[in-house]
Amino acid sequence: MANRRAFIVGMLATGLLPKATWADVGSPAFLSAGLTHDGTYVLCGLTASSQIAFTFPLPARGHAAAVHPKLAQAVAFARRPGTFAIVLDCASGRESVRLIAPAGRHFYGHGAYSADGELLFTTENDFDAGKGVIGVWSTRDHYARIGEFSSGGIGPHDIKLLPDGQTLVVANGGIETHPESGRTKLNLPTMKSNLSYLSLDGHILGQVELSNEYQRNSIRHLAVSQEATVAFAMQWQGDLTDQVPLLGTHRLADDRPPKLANADTFHNLQGYVGSVAANLRTIAITAPRGGALLEFSAQDLRLIDRLDLADVCGVAPLRSGFICTSGNGHVGPSNGHGFGDPYPIKWDNHLVAV
Amino acid sequence: MKALLSTVFLLSTSAGFADTPLPGTTVDTHVLPGYETLAAQTAELSLAAATDCSVESPDLVAAYHDAFDAWIAVSHLRFGPSERNDRAFALAFWPDPRSATPKGLAALIADQDTVAANPDEFATVSVALRGFYALEQLLFDSQLTEAGPQEYICQLVRAIANDIAQNASEILLDWKTEYGNLMANPGNATYRTPDEALQQFFTALSTGLEFTAETRLGRPLGTFDRPRPNRAEARRSGRSLRNVIGSLTATKQLAEQLSMNDPKVEEAFNAAIQRATELDDPILAGVASPQERFRIEVLKQDIDNIRRILAEQVGPSLGIAAGFNSLDGD
């Protein structure tokens with residue numbers, strides 16, 4: 001059975017079979033993990049008009065998803081410190097492959113495909129060594145684990161492919177954790193977060209650290225613009241009344257330190273940004289602990305708009321503006337207009353465009 | 001419509017009579033007394049080290065325990081003065097998964113590093129080599145201390161004890177001269193409203209309980225197949241369970257204030273404190289035995305139960321959402 005499935009996946013990958021499309025599962029425009037009212041964890045597809053296209057059960061709480069660039073396939077990742085990731089076959093609406101993290105590793109909840117869809121990269125914790133790892137999986141070969149390399153830091157969380165198709169950018173949050181002590185942060189006094197640019201075979205092409213005054217800022221989530229500007233969202237691990245920037249941008253091509261948004265902008269967000277998204281001119285961050293979505297101009301990181309929405313976290317770009325989700329079931333545009341009734345689903349951290 | 005109106009009436013009436021906790025009361029009755037005790041006990045500790053720095057000195061060991069107790073009683077108040085210049089981390093560098101403390105102390109001792117001779121200079125060394133957990137290793141790990149001459153160990157003990165006292169008195173001074181006022185009289189850039197100050201206290205309370213459950217108990221518990229008794233906090237000086245009880249007792253006082261003496265909160269704390277007291281396992285060695293381990297796991301569940309009650313019932317009353325995403329931490 002497994003062989004046959006591998007064969008079909010292989011055929012799909014080489015384009016010998018007619019390709020299934022997302023239309024088979026209701027043409028979702030976005031994916032989000034969630035928790036239904038009966039306690040089931042799910043991955044849902046949402047249409048451009050915020051309707052649920054499909055619901056797919058997960059064995060435990062999900063986090064983010066990654067969408068195959070060529071095939072109608074997506075991977076749903078377990079929330080840290082989970083060890084599973086499920087490849088969803090959109091034609092059947094069923095699980096096609098389950099990735100299990102190797103012994104001594106767990107997933108952080110994010111991953112990215114290569115531009116041709118041949119490889120999947122996952123952020124992982126080598127927890128006994130306390131080191132960040134990028135796992136490499138061959139999609140053609142039934143998502144076999146074919147290697148791993150250093151993430152360039154501790155606690156790699158989000159990972160994205162730059163538009164050149166040759167460069168991965170990784171948010172190394174800097175925080176050491178071990179599954180035996182749950183989500184306890186083990187190294188706050190010495191933590192060091194960075195943004196690492198890696199080639200697809202794991203060479204470090206560039207690294208950006210924050211200045212000493214922001215040593216307790218954990219770079220956690222990423223959004224990449226079409227011009228390869230990386231927007232990074234942070235979570236402050238120091239005193240919550242400190243005024244610190246929680247959003248910055250950086251370009252590998254420019255040999256310059258990152259731009260940081262004005263620290264005053266983040267008052268009362270409890271030092272915590274959950275997601276970030278970018279479109280052509282603007283960047284949005286969500287702050288579930290502050291109950292707000294903030295929109296910035298991409299050019300100069302000036303605050304231009306704010307939406308107050310309790311427990312907002314998922315956010316994805318629209319052609320103009322953003323769409324966001326909340327833990328109270330809301331889905332709607334960032335201008336605050338056109339929110340329907342909330343779904344009986346607690347939408348989880350990330351909303352991913354298909 | 002009538003039903004709706006009467007509900008609204010009832011709600012507004014009850015709100016009119018309801019007391020809300022005052023951040024200034026918590027500053028005066030919880031924070032300041034805690035830090036005053038810490039400053040006094042650490043001054044005693046420094047004096048005891050100056051009088052007799054022998055690692056076997058009973059007075060020094062007693063002062064160490066009293067001062068450590070005083071630290072545990074405020075160790076959940078991780079904001080404001082304790083976070084300036086990394087003072088709290090310099091008092092308490094734990095957990096230490098990469099063994100930075102023993103490795104760093106061994107290096108100081110091997111080099112007989114002169115940094116220990118100068119208090120100002122000692123205040124600049126890595127936080128891993130300062131504070132209660134570094135002092136514990138000098139006082140209770142003979143392998144470490146036998147590696148160097150007694151005079152140097154003595155100098156290092158004094159330097160650490162002095163640094164602890166200095167740090168504690170700086171935290172207290174900041175609370176008394178400035179920070180207590182910011183919380184007691186909101187409407188400033190740090191705390192714009194009383195709610196913001198109360199939310200800070202609530203965050204400290206939740207984080208403190210999470211630390212006790214996940215770290216003080218979770219690290220030695222490890223997994224059933226691989227318990228980690230050697231990871232118990234301050235086990236060399238037999239303080240692992242004592243720290244759990246001390247922290248529960250201190251956070252109980254804060255929780256009572258923030259919950260306006262909610263009996264459910266008090267009951268949940270009492271259950272956990274009683275279970276911890278009955279454990280009679282100072283270094284949580286029981287994590288490695290199936291029967292004893294179960295009792296420690298139940299204690300952890302008791303603390304998780306307190307956290308759940310606080311998150312679901314007390315937090316929302318202070319304007320802290322118990323949201324799916326806001327509690328997530330990813």
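In chain A of this predicted model, Leu168(A) stands opposite Leu198(A) in β14(A). Leu168(A) also has a partner on another strand, since Leu161(A) stands opposite this residue of β13(A). The strand β13(A) is thus a convenient place to begin.

Six bridges join β13(A) to β14(A), and these two strands run antiparallel. Strand β12 of chain A, residues 156–161, is joined to β13(A) by four bridges, again in an antiparallel arrangement. Five of the six residues of β13(A) are buried, and the strand is mostly covered. Between β12(A) and β13(A) the hairpin has five residues, and among them Gly165(A) takes a positive phi near 75°.

On the other side of β13(A) in sequence comes the loop between β13 (167–172) and β14 (194–199) of chain A, where Lys185(A) is found. Is Lys185(A) buried or exposed? Lys185(A) counts as buried because it has 20 C-beta neighbours inside 10 Å, and 20 is the number at which a residue is classed as buried. Leaving aside neighbours within four places in sequence, the contacts of Lys185(A) are Ile175(A), Thr177(A) and Gln237(A). Of these, Ile175(A) is ten residues away along the chain, and its C-alpha atom is separated from that of Lys185(A) by 6.2 Å.

Other loops hold backbone features that deserve a look. Most residues other than glycine have a negative phi, and most peptide bonds are trans. Against that background, the peptide bond from Arg80(A) to Pro81(A) is cis, with omega near -5°. Pro81(A) lies in the loop between β5 (73–78) and β6 (84–89) of chain A. Chain B has a cis peptide bond from Trp94(B) to Pro95(B), with omega near 5°. Here the proline, Pro95(B), sits in the loop that runs between α4 (87–91) and α5 (100–111) of chain B.

Positive phi values occur in both chains as well. Gln270(A), a residue other than glycine, has phi near 60°. Its location is the loop between β19 (259–260) and β20 (275–278) of chain A. Gln270(A) counts as partly exposed because it has 19 C-beta neighbours inside 10 Å. In chain B, Asn261(B) is not a glycine either, yet has a positive phi of about 55°. Asn261(B) is placed in the loop between α11 (240–258) and α12 (263–279) of chain B. With 12 other C-beta atoms within 10 Å, Asn261(B) is exposed.

The helices of chain B include a pair that can be followed in detail. Helix α2 (residues 23–51) and helix α3 (residues 58–74) of chain B have axes that come within 8 Å and cross at roughly 160°. The angle is over 145°, so α2(B) is roughly antiparallel to α3(B). Their crossing is left-handed. The residues of this contact divide into 13 nonpolar, five polar and three charged. From α2(B) the contact includes Gly34(B), Tyr35(B), Leu38(B), Leu45(B) and Ala48(B). On the α3(B) side, Leu60(B), Ala63(B), Tyr64(B), Ala67(B) and Trp71(B) are among the residues met.

The two chains also touch each other. How many residues of chain A are in contact with chain B? There are 29, and they are in contact with 28 residues of chain B. The side of chain A that touches chain B divides into seven nonpolar, 13 polar and nine charged residues.

Technical notes:
Residues are numbered from 1 along each chain as its sequence is written. Chains are lettered from A and ligands numbered from 1 in the order in which they are written. This is a predicted model: local features need pLDDT of at least 70, side-chain atom pairs count only at pLDDT 80 or more; totals for chains, interfaces and linings use all residues. Axes are lines fitted to C-alpha atoms, for helices over the stretch in contact, and angles run from 0 to 180 degrees between N-to-C directions. Angles under 35 degrees count as roughly parallel, over 145 as roughly antiparallel, 65 to 115 as roughly perpendicular and the rest as oblique. A crossing is left-handed if the near helix is turned anticlockwise from the far one by less than a right angle, and right-handed if clockwise. Two residues are in contact if their C-beta atoms, placed from the backbone, lie within 7 Å. Ala, Val, Leu, Ile, Met, Phe, Trp, Tyr, Cys and Pro count as nonpolar, Asp, Glu, Lys and Arg as charged, and the others, Gly among them, as polar. Two strands pair if DSSP finds at least two bridges between them.
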